[in-house]
Amino acid sequence: MATTATEAAKAAPAQEQQANGNGNGEQKTRHSEVGHKSLLKSDDLYQYILDTSVYPREPESMKELREITAKHPWYVPLAFRPVVRGGFECVGLLDVDRPRSENERGVACRNLMTTSADEGQFLNMLIKLIGAKKTMEIGVYTGYSLLATALALPEDGTILAMDINRENYELGLPCINKAGVGHKIDFREGPALPVLDDLVADKEQHGSFDFAFVDADKDNYLSYHERLLKLVRPGGLIGYDNTLWNGSVVLPDDAPMRKYIRFYRDFVLALNSALAADDRVEICQLPVGDGVTLCRRVK
Ligand code: SAM
Ligand code: CA
């Protein structure tokens, strides 16, 4: 089992290393050039951030939830079998495990879905900074980003949390309740789009949300966007997660890519272009986790 980002990077298949560098430790990047402004040059640097600034400040309940999630194998059909590669836990795709049973065509994976600890810390800070009170989350999984949000909200703050899978949510729920923030969460099991449509049909909900975090089916992000622009208040924020999509956004179309990555890549590319051209929002794309794009509603 790859336990660190560095070990996972060593375990990455050749085609993955090709996408990131030449496999001999030299990065196919401009990091060494004078004037290059990105600070994140290596997995070790990322690990340094985690070890120095994130893990020591991570609330006990979030640590516990993160550890429970890391032990939980998330079943991936073979068609969507992800990549073993280094880097970021949120899509780090670490620890591809054995198939659950000989009859099941698939693999169980860990840490495929969950938000990384540094992104959780970022979300927590962001929500406090904007003084959010009424929020929503699309794509809960075991609830790491949900807990980061719930801990940041005031006592009477609320999160409308949507996911098609209740079982995973219930895995993290004891940590959420132990942290004393369960009362802030209104969990809805099922696809998010109809819930948003119901909200949009109710004029009183328009402009009533301060913050929305979108971390579910990437093929629906643009549909969520249209609805969220009605539901989030002017000046409020929407955060779209995974907008760098495992780095695949800069790969040529014919580059080797795992099916799961390729499947959603065009949707992520279309989202990024659409957000960049959308004058109803101001945007800021951050290389946190797998990329998170913040949209501040201005119209
Ligand atoms: N934010 C979570 C965290 O911090 O761990 C990770 C969310 S995970 C990347 C994506 C989640 O979206 C999965 O739990 C999946 O069940 C959910 N999902 C997929 N399609 C959905 C849909 N149409 N509506 C709501 N949830 C959906
Ligand atoms: Ca995510």
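**Notebook: sheet, helix α9 and ligand 1**

I started with the sheet: it is open, has seven strands in the order β5-β4-β3-β6-β7-β9-β8, and its pairing is mixed. I took strands as DSSP E runs of at least two residues and helices as H or I runs of at least four, numbered from the N terminus; two strands pair if DSSP finds at least two bridges between them. At the edges I found β5 (185-189) and β8 (281-286), each pairing on one side only.

A note on the source: this is a predicted model, where local features need pLDDT of at least 70, side-chain atom pairs count only at pLDDT 80 or more, and totals for chains, interfaces and linings use all residues. Residues are numbered from 1 along each chain as its sequence is written, while chains are lettered from A and ligands numbered from 1 in the order in which they are written.

Next I looked at β7 and β9 (292-297): they run antiparallel and are joined by five bridges. L237 stands opposite R296 in β9.

Then I turned to α9 (221-231), whose buried residues (20 or more other C-beta atoms within 10 Å of their own, C-beta atoms being placed from the backbone) are Y221, Y224, H225, L228 and L231. Down the axis of α9 they fall within an arc of 130 degrees, taken from the directions from the helix axis to the C-beta atoms, so they line one face of the helix.

Last came ligand 1: 20 residues surround it (C-beta, placed from the backbone, within 6 Å), and the closest are T115, G139, Y141, S145 and A216. I saw that α6 (144-152) and β4 (158-163) each give two or more residues to this shell.

How values were computed: Buried ≥ 20, exposed ≤ 12 C-beta atoms within 10 Å, placed from the backbone.
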